[in-house]
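Q: Could you take me through the largest pocket in this one? I'd like to know what lines it and how the parts around it are put together.

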Amino acid sequence: MSRIAVVPGSFDPVTLGHIDVIARAADLYDTLHVVVVHNPSKSALIPVDDRVALIERAIAAAGLSGNIEVSKWSEGLLVEYCSQVGAKVVIKGIRNQADVTYETPMALVNRNLAGIETLFMLPEPGHAYVSSSLVRQVAALKGDVRPYVPHIVADYLNTAR
């Protein structure tokens, strides 16, 4: 039986912390689905299709593409996507207690709705303070985002200015 997991997120933009969690999760599962999900409470900077392409390119640049599939999911519950691909685990990167507080109710509902377990993974400490919203703010103010995102993402953000 194949072990399949899903790493969902808005990835607006994908950060080095995201790539770190994706890399370590890919080592634990036979197939890892990285899924760009629509979060109605957030206003997106990068179009969904561009986010998918940026993640694919960042994963390839990091030499991680072997067992990782990148896609998008904009309608329905995440557990429906998990059921479609046969995943029993959702992996969420968490940076701090606020992330735990935000993610815990969703983890419990996913388990209740579909028996999907959630695994929380911490990023490397050097990435633990970086969020996509922080990167968007730095980019909007024309700051250097290269320490926080893959180079392909920094180039994209610099071009979009």
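**The largest pocket and its surroundings**

A: First, a word on confidence. This is a predicted model, and the chain averages a pLDDT of 94, with 98% of the residues scoring at least 70. Among the elements of the chain, the highest mean pLDDT, 98, belongs to strand β5 (residues 117-121), and the lowest, 92, to α6.

Now the pocket itself. The largest pocket has a volume of about 1,200 Å³. Its lining takes in 44 residues, and those nearest its centre are Gly9, Ser10, Lys92, Tyr102 and Glu103. Sorted by class, that lining has 22 nonpolar, 16 polar and six charged residues.

Where do the lining residues come from? At least two each are supplied by β1 (4-9), α1 (16-26), α3 (78-85), β4 (89-93), α4 (97-114) and α5 (132-140). Helix α4 gives the largest share, with nine residues of the lining.

Two of those contributors, β1 and β4, are also strands of the sheet, so let's look there next. The sheet is open and has five strands in the order β3-β2-β1-β4-β5, with parallel pairing. At the edges stand β3 (68-73) and β5, and each has a single partner strand, so one side of each is left without a neighbour in the sheet. From one strand to the next, the twist averages 30°.

Let's follow β4, one of the lining strands, out to the edge. Strands β4 and β5 pair in the parallel sense over five bridges. If you want a spot to click on, go to Ile91, whose bridge partner in β5 is Leu119. Across β4 and β5 lies α4, running at about 160° to β5. That is the helix with the largest share of the pocket lining.

Over at β3, the other edge strand, there is another helix to look at. Helix α2 lies across β2 (31-37) and β3, and runs at about 170° to β3. Helix α2 (residues 48-61) also packs with α6 (residues 151-160), at an angle of about 145° and with the axes 8 Å apart. On the α2 side, the contact is made by Asp50, Leu54, Arg57 and Ala58, while α6 brings Ile152, Val153 and Tyr156. By class, that contact has five nonpolar and two charged residues, and no polar ones. Keep in mind while you look at it that α6 is the element with the lowest mean pLDDT (92).

How values were computed: Residues numbered from 1 in each chain as written. Predicted model: local features only at pLDDT ≥ 70, side-chain atom pairs only at ≥ 80, totals over all residues. Heavy atoms only, no water. Axes fitted to C-alpha atoms, helices over the stretch in contact; angles between N-to-C directions. Helix = DSSP H or I, 4+ residues; strand = E, 2+ residues; numbered from the N terminus. Contact = heavy atoms within 4.5 Å. Nonpolar A, V, L, I, M, F, W, Y, C, P; charged D, E, K, R; others polar. pLDDT = per-residue confidence, 0-100. 1 Å grid on protein atoms, 1.4 Å probe; cavity = no way out; pocket = protein on both sides within 12 Å on 5 of 7 lines; lining within 4 Å. Points joined across faces, edges and corners; volume = space filled by probe spheres on them. Pairing = 2+ DSSP bridges.
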